[in-house]
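Student: Got a minute to go through a model with me? I'd like to start with charged pairs and then move around.

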Amino acid sequence: MVKEMSQLTPREDGDGRMRASDADRDAVAHLLREALAEGRLDPDEHSDRLDAVYRAKTVGELVPLTEDLPATGASARLPAPSDFRSPRPVYGATRVVDQPATSHSAIALLGGADRSGNWVVPRRFVTVAAIGGVQLDLREARFTHRETTLWIGTVMGGVGIIVPDDIQVRMHGLPIIGGFGVEGDTPSVVEPDAPIVHIRGIALMGGVGVSYRARKHQEDEN
């Protein structure tokens, strides 16, 4: 679950220069989607800021992205780094776990919704975006089955799916005055038992996009 916070504010001891964690980014992304749902940001502003969130390297870079949104001021302090310890990265076949799903759907009606972080994806996951946006981040996700189907329906809305380089994605969507697309370098080789994600559904005057992005620990190694 995303940690609730209205604004990230670096502490006086210089933690604005501290490297941002995935949990820090998730917290800011959650706030931005709340602002989109409330009409405080328009879709273009939301998209631009969300891109900046995932490009941010330090806590200080995240602060300006929320400083004009409702906040509790200086009392909204960044938790100690130990509160945001990330689990050991999983890879390939180890993503398939014997655990219950943590979420079965993401629905955005005139607003936004997101799923990210260390979440467990069921065999079938339903996503609906009607004049709104949904983002599904699978980079740290686990799966209850090796093959997962994301059922997507979007009407004048958008669904963005962020994936790592160790899972297979197979697109089966039907665009109607809309589109399904993949951005980034599609992995040419994956483990034999790596998860397979099928994307099915309809995009009516909307879009569904898959984007391959590096995980945090991979960025740190570069």
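Student: Glu140 and Arg215, buried or exposed?

Tutor: Both Glu140 and Arg215 are buried. Keep in mind that this is a predicted model.

Student: And how do the side chains of Glu140 and Arg215 meet?

Tutor: In a salt bridge, at 2.7 Å from N to O. Glu140 sits in the loop between β5 and β6 (142-143), and Arg215 in the loop between β13 and α4 (216-221), so the pair ties together parts 75 residues apart in sequence.

Student: How many salt bridges does a search of the whole structure find?

Tutor: Four. One of them joins the side chains of Arg95 and Asp166, again 2.7 Å from N to O.

Student: Where do Arg95 and Asp166 lie?

Tutor: Arg95 is in the loop between α3 and β1, and Asp166 is in the loop between β8 and β9 (168-171). That makes a tie between parts 71 residues apart in sequence. Arg95 is buried, and Asp166 is too.

Student: What about Arg49 and Asp68?

Tutor: Their side chains form a salt bridge as well, 2.8 Å from N to O. Arg49 belongs to helix α2 and Asp68 to the loop between α3 and β1, so parts 19 residues apart in sequence are tied together.

Student: Why does Arg49 count as buried?

Tutor: Because its relative accessible area is 16%, and the cut-off for buried is under 20%. Asp68 has 52%, so it counts as exposed; exposed means over 50%.

Student: Pro64 caught my eye. Where is Pro64 found?

Tutor: In the loop between α3 (59-62) and β1 (105-109). The C-alpha atoms of Pro64 and Arg49 are 9.6 Å apart, with their positions 15 residues apart along the chain.

Student: Why does Pro64 count as partly exposed?

Tutor: Because its relative accessibility is 42%. Partly exposed covers the range between the buried limit of 20% and the exposed limit of 50%.

Student: Switching to pockets. What volume does the second largest pocket have?

Tutor: About 590 Å³. It is lined by 29 residues, and the closest to its centre are His46, Ser47, Leu50, Gln135 and Gly160.

Student: Which elements give two or more residues to that lining?

Tutor: Two helices and four strands are on the list: α1 (22-37), α2 (43-55), β2 (112-115), β5 (133-137), β8 (158-163) and β13 (207-212). α2 gives the most, with seven residues.

Student: How do the lining residues divide into nonpolar, polar and charged?

Tutor: Twelve are nonpolar, twelve are polar and five are charged.

Student: Back to α1. What should its 16 residues span?

Tutor: At 1.5 Å a residue, 22 Å. The end C-alpha atoms are 22 Å apart, so the expected span agrees.

Student: Which residues in α1 are buried?

Tutor: Asp24, Arg25, Asp26, Ala27, Val28, Ala29, Leu31, Leu32, Arg33, Ala35 and Leu36.

Student: What phi does Gly39 take, just after α1?

Tutor: A positive one, about 85 degrees.

Student: Last topic, aromatics. How many aromatic pairs turn up?

Tutor: One, in a search of the whole structure. Trp119 and Phe125 form it. Their rings are edge-to-face, with 5.4 Å centre to centre and 70 degrees between the planes.

Student: And are Trp119 and Phe125 buried or exposed?

Tutor: Buried, both of them.

Definitions and conventions
Residues numbered from 1 in each chain as written. Predicted model: local features only at pLDDT ≥ 70, side-chain atom pairs only at ≥ 80, totals over all residues. Heavy atoms only, no water. 1 Å grid on protein atoms, 1.4 Å probe; cavity = no way out; pocket = protein on both sides within 12 Å on 5 of 7 lines; lining within 4 Å. Points joined across faces, edges and corners; volume = space filled by probe spheres on them. Nonpolar A, V, L, I, M, F, W, Y, C, P; charged D, E, K, R; others polar. Phe/Tyr/Trp six-rings, centres within 6.5 Å; stacked < 30°, edge-to-face > 60°. Buried < 20%, exposed > 50% of the residue type's maximum accessible area, 1.4 Å probe, protein only. Expected span 1.5 Å × (residues − 1).
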